[in-house]
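Biologist: I would like to learn how to read a structure feature by feature, beginning with the cysteines and going on to sheets, helices and the core. Could we take them one at a time?

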Amino acid sequence: MCEVYNGCINLVPIFNHLNNSLKFELENSIQHRHLAKGEYLYQADDKDNTLYIVHKGQIRIFHVSESGKEQMIRVLKTGDFTGELTIFSENTYHDNFAEATCQTAVCLIKQSDLMSLLAANPKVTLKLLSLVAEKLQDSEKQMVSIATEPVINRIIYYLESLPHESDVQNDIIIDVPMNRQDLASYLGTTPETISRRFKMMEMEGLLQTLPKNRLLIHDMNRLLEKIE
C-alpha cells in the first residue's frame with residue numbers, strides 16, 4: 001500500500017477524488033522548478049503543454065498590451081495552478097506572463113501524464129473544467145466591475161473577497177497579495193487613486209495599514225456601507 005503523499009497533488013482540489021495509489025503515481029511524474037523573485041515561469045507567446053502548481057511562494061499573472069501597458073489578471077498562491085488551457089491543445093501558446101513575486105517552488109505536470117489521468121478519471125476532468133469555468137467567470141465579473149463600478153466599490157469588493165483572519169478584538173486582518181501598482185492595474189485605476197482611497201478610509205477609522213501588505217479592518221459591515 002502506498003503512503004499518503006503530502007506534496008503538490010494534495011494541494012490541488014481537482015485531485016481530491018484520486019486514491020493514494022494514483023496520487024503517488026502522478027506525483028512520481030511531476031517535475032519541479034524553483035524561481036527567484038522576478039523570474040518568469042512563462043511568457044507571452046511561449047509554446048507550452050504543462051500544468052503548473054504553486055507549491056510555495058507566489059506568482060502574478062499579467063497581460064502586456066501592444067502599447068506596453070500591464071494589466072494584472074490574478075495572483076497565484078500555494079495550491080493554485082495555471083496553464084490548464086495549454087494542455088488541451090497540441091499547439092497552444094501563452095497569452096500572458098507568469099512572474100514570481102518572491103522565492104517560489106512550482107510543480108510541473110506534462111500534458112501526456114495529465115491527459116492519461118483525465119481519461120481514466122472523469123471526476124477529475126469535471127472538476128478541472130469546473131475550475132476553468134470559475135476562472136473565466138471571475139474574469140468576466142472583473143471586467144464588468146471595472147466598466148461599471150466606482151473605484152471605491154471595486155476596492156471594497158476586492159478586500160471583502162480576500163481570505164482573512166480575526167484577532168482577539170474581532171478585527172479582521174487581511175493579507176493583500178499585490179503591491180499598490182499591481183492592485184491599481186487589477187482594479188482598473190492608478191496607484192495614486194488607490195493610495196488616496198486607502199488614506200481616506202484610514203482617516204475615517206475604517207482600516208489601518210500594517211507592515212508586509214497587511215490591512216486591519218475594524219468593522220467590515222461599516223466598510224461595506226461605504227459602497228456607493
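Modeller: Let us begin with the cysteines, keeping in mind that this is a predicted model. The structure holds one disulfide, formed by Cys8 and Cys107, whose sulfur atoms are 1.6 Å apart.

Biologist: Which parts of the chain does the pair of Cys8 and Cys107 tie together?

Modeller: Cys8 belongs to the segment before α1 (20-29), whereas Cys107 is in strand β10 (residues 104-110), so the link ties together parts that are 99 residues apart in sequence. The link is right-handed, with 55° about the S-S bond.

Biologist: Are Cys8 and Cys107 buried or exposed?

Modeller: A residue is called buried when its relative accessible area is under 20%. Cys8 has a relative accessible area of 1% and is therefore buried, and Cys107, with a value of 1%, is buried too. Cys102, in contrast, is in no disulfide, and the nearest cysteine sulfur, that of Cys8, is 15 Å away. At 29% relative accessibility, Cys102 counts as partly exposed.

Biologist: Next, the sheets. How should I read the order of strands, and which strands stand at the edges?

Modeller: Strands of a sheet pair through backbone hydrogen bonds, either parallel or antiparallel. Here one open sheet of four strands has the order β2-β9-β5-β6, and its pairing is antiparallel. The edges are taken by β2 (40-42) and β6, each with a single partner strand, so one side of each has no neighbour in the sheet. From one strand to the next, the twist averages 30°.

Biologist: How many bridges join β5 and β9?

Modeller: β5 and strand β9 (residues 97-100) pair in the antiparallel sense over four bridges, and Phe97 in β9 is the bridge partner of Phe62. Helix α5 packs on this sheet, where it touches β5 and β6, and its direction makes about 105° with that of β6.

Biologist: What is the strand order in the other open sheet, β1, β4, β7 and β10?

Modeller: That open sheet runs in the order β1-β10-β4-β7, with antiparallel pairing. Its edge strands are β1 (31-35) and β7 (81-82), each of which pairs on one side only. Strand β4 (residues 50-56) and β7 run antiparallel and are joined by two bridges, with Tyr52 having Thr82 as its bridge partner in β7. Helix α2 (residues 111-120) lies across β4 and β10, at about 65° to β10.

Biologist: Could we look at a single residue in that sheet? With what is Thr50 in contact, beyond its neighbours within four places in sequence?

Modeller: Thr50 has its place in strand β4 and counts as buried, at 0% relative accessibility. Beyond its neighbours within four places in sequence, Thr50 is in contact with Thr82, Gly83, Thr86, Ile87, Leu108, Ile109 and Lys110. The side chain of Thr50 also makes a polar contact of 3.0 Å with the side chain of Asp48, and another polar contact of 3.0 Å joins the side chains of Thr50 and Lys110.

Biologist: Let us return to the helix on the first sheet we discussed. How many residues of α5 are buried, and what covers them?

Modeller: Helix α5 (residues 180-187) is mostly covered, with six of its eight residues buried, namely Asp182, Leu183, Ala184, Ser185, Tyr186 and Leu187. What covers these buried residues includes β5 (59-64), β6 (70-76), α3 (122-148), α4 (151-161) and α6 (191-203). At the N-terminal end, α5 is capped by Asn179, a side-chain oxygen of which lies 3.2 Å from the backbone nitrogen of Gln181. Just after α5, Gly188 takes a positive phi of about 70°.

Biologist: Finally, the core. Which residues of the largest nonpolar core touch the most other members?

Modeller: In soluble globular proteins, nonpolar side chains tend to be buried together. In this model the largest nonpolar core has 28 residues, of which Ile155, Tyr158, Leu159, Ile174, Phe198, Met201 and Leu223 touch the most other members. At least two residues of this core are supplied by each of β6, α4, β12 (172-175), α5, α6, β14 (214-217) and α7 (220-224). The largest share, six residues, comes from α4.

Terms used:
Residues are numbered from 1 along each chain as its sequence is written. This is a predicted model: local features need pLDDT of at least 70, side-chain atom pairs count only at pLDDT 80 or more; totals for chains, interfaces and linings use all residues. Side-chain values use heavy atoms; hydrogens and water are left out. Buried means under 20% relative accessible area, exposed over 50%, partly exposed in between (1.4 Å probe, protein chains only). Contact means heavy atoms within 4.5 Å. A polar contact is a pair of N or O atoms within 3.5 Å; within protein, one must be able to donate a hydrogen and the other to accept it, and residues adjacent in sequence count only if both atoms are side-chain atoms. A disulfide is a pair of cysteine sulfur atoms within 2.5 Å. Two strands pair if DSSP finds at least two bridges between them. Axes are lines fitted to C-alpha atoms, for helices over the stretch in contact, and angles run from 0 to 180 degrees between N-to-C directions. A nonpolar core is a set of buried Ala, Val, Leu, Ile, Met, Phe, Trp, Tyr and Cys residues joined through side-chain atoms within 4.5 Å.
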